[in-house]
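Subject: The structure you asked about

Hello,

Here is the structure to look through, with my notes underneath. Have it open while you read, and turn to each residue as it comes up.

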Amino acid sequence: MTLIPANSQNKLYLTANGVTKTATLVQNDATTELISLLENGPIPLSMTENGGFEKVGNLPQSLPTSDVRQTAQSGDIMLYIGNVMCIFYGSNTWAYTKLGTLDNMTAEEIKEFLSGNPVSVYLSLEDMADIKQVKISDVKEEKVYDLKGNLIMNRPIMAGVYIINGKKTLIR
């Protein structure tokens with residue numbers, strides 16, 4: 001398993017509890033597919049506590065697996081059964097497909113970052129710190145565009161990232 005070359009997308013941004021952290025992705029078919037999904041915008045995950053050593057959440061679709069029996073350590077981001085993302089703050093041995101590792105975070109920092117049960121985690125290819133978050137009910141008559149610049153005519157608007165008044169906005 002190797003890191004994705006520097007000229008490719010190798011950073012995953014995770015936003016939870018108003019804080020954004022980065023992870024370095026490994027190079028495999030699962031991360032290639034994940035990056036492809038994220039090119040359409042952030043993916044929200046509802047992650048819950050599992051076993052006292054990880055948070056888990058269902059991805060919107062299955063990714064390719066290359067499961068290997070391994071011991072996940074604090075900071076590891078693993079794929080389980082194709083569609084479950086696991087973020088570890090402890091360790092566990094099982095057959096996983098490794099997606100990456102959180103950058104420079106201790107187990108305690110990961111627990112604090114992912115506090116709450118469930119916790120909403122947004123996966124993205126860019127830092128979402130400058131993206132305004134609003135509720136669907138807050139979007140009234142403004143012109144709303146998708147990330148490709150297409151005007152959204154359907155109301156109510158689904159949760160996701162849009163351009164509203166010239167700014168990226170996360171609708172939850």
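Below is what turned up, going from the whole chain down to single residues.

Please keep in mind that this is a predicted model.

**The chain as a whole**

The fold contains two helices and 14 strands. Of its 172 residues, 42% count as buried. The accessible surface comes to about 9200 Å², and carbon and sulfur atoms account for 48% of that area. If you take the contacts between residues at least 6 apart in sequence, 56% of them join residues at least 24 apart.

**The cores**

The largest nonpolar core is made up of 29 residues, and Leu14, Met85, Ile87 and Leu123 have the most contacts inside it. Helix H1, residues 29-38, gives this core its largest share, which is five residues. Another core lies apart from it and has eight residues, including Ala72, Met78, Cys86 and Tyr96.

Ile87 is a good place to start clicking. Leaving aside residues up to four places away in sequence, Ile87 touches Leu14, Met47, Phe53, Glu54, Lys55, Asp76, Ile77, Leu102, Ile110 and Leu114.

**The aromatic rings**

There are three aromatic pairs in the structure. One of them is the stacked pair of Phe53 and Phe88, with 6.0 Å from centre to centre and 10° between the planes. This pair links distant parts of the chain: Phe53 sits in the loop between S4 and strand S5 (54-58), Phe88 belongs to strand S8 (residues 84-88), and 35 residues separate them in sequence. Are these two rings buried or exposed? Phe53 has a relative accessibility of 18%, so Phe53 counts as buried. Phe88 is buried as well, because its relative accessibility is 0%.

Tyr80 and Tyr96 form an edge-to-face pair, because their planes stand at 65°, with ring centres 6.4 Å apart. Here too the pair links distant parts of the chain, with Tyr80 in strand S7 (residues 76-80) and Tyr96 in strand S9 (residues 92-102), 16 residues apart. Tyr80 has a relative accessible area of 29% and is therefore partly exposed, whereas Tyr96 is buried at 2%. Taken together, ring pairs link Phe53, Tyr80, Phe88 and Tyr96 into a cluster.

**Gln70, a buried polar residue**

Tyr96 also comes up in the surroundings of Gln70, which is found in strand S6 (residues 68-72). Why does Gln70 count as buried? The cut-off for buried is under 20% relative accessible area, and Gln70 comes in at 18%, so Gln70 falls in that class. What does the side chain of Gln70 reach? Its target is the backbone oxygen of Tyr96, at 2.9 Å. Gln70 also touches Met78, Asn92, Thr93, Trp94, Thr97 and Lys98, among residues more than four places away in sequence.

**Two asparagines**

Asn50 is in strand S4, which covers residues 43-50. With a relative accessible area of 34%, Asn50 is partly exposed. The side chain of Asn50 makes a polar contact with the side chain of Glu54, at 2.4 Å. Asn50 and Phe88 are 38 residues apart in sequence, with their C-alpha atoms 9.7 Å apart in space.

Asn40 has its place in the loop between H1 and S4. Its relative accessibility is 58%, so Asn40 counts as exposed. Asn40 touches Leu147 and Lys148, again not counting residues up to four places away in sequence. The C-alpha atoms of Asn40 and Val161 are separated by 9.2 Å, although the two residues are 121 apart along the chain.

**A hairpin to finish**

Strands S13 (residues 160-164) and S14 (residues 167-171) pair in the antiparallel sense over five bridges. Gly160 has Ile171 as its bridge partner in S14. The two strands, S13 and S14, form a hairpin with two residues between them. In the turn, Asn165 has a positive phi of about 55°.

Happy browsing, and do write back with any questions.

Best wishes

Terms used: Residues are numbered from 1 along each chain as its sequence is written. This is a predicted model: local features need pLDDT of at least 70, side-chain atom pairs count only at pLDDT 80 or more; totals for chains, interfaces and linings use all residues. Side-chain values use heavy atoms; hydrogens and water are left out. Helices (H or I, at least four residues) and strands (E, at least two) are DSSP runs, numbered from the N terminus. Buried means under 20% relative accessible area, exposed over 50%, partly exposed in between (1.4 Å probe, protein chains only). A polar contact is a pair of N or O atoms within 3.5 Å; within protein, one must be able to donate a hydrogen and the other to accept it, and residues adjacent in sequence count only if both atoms are side-chain atoms. Contact means heavy atoms within 4.5 Å. Accessible areas come from the Shrake-Rupley method with a 1.4 Å probe; for residues, only the protein chains shown count as cover. A nonpolar core is a set of buried Ala, Val, Leu, Ile, Met, Phe, Trp, Tyr and Cys residues joined through side-chain atoms within 4.5 Å. Two strands pair if DSSP finds at least two bridges between them. Rings of Phe, Tyr and Trp (its six-membered ring) pair if their centres lie within 6.5 Å; planes under 30 degrees apart count as stacked, over 60 as edge-to-face and the rest as tilted.
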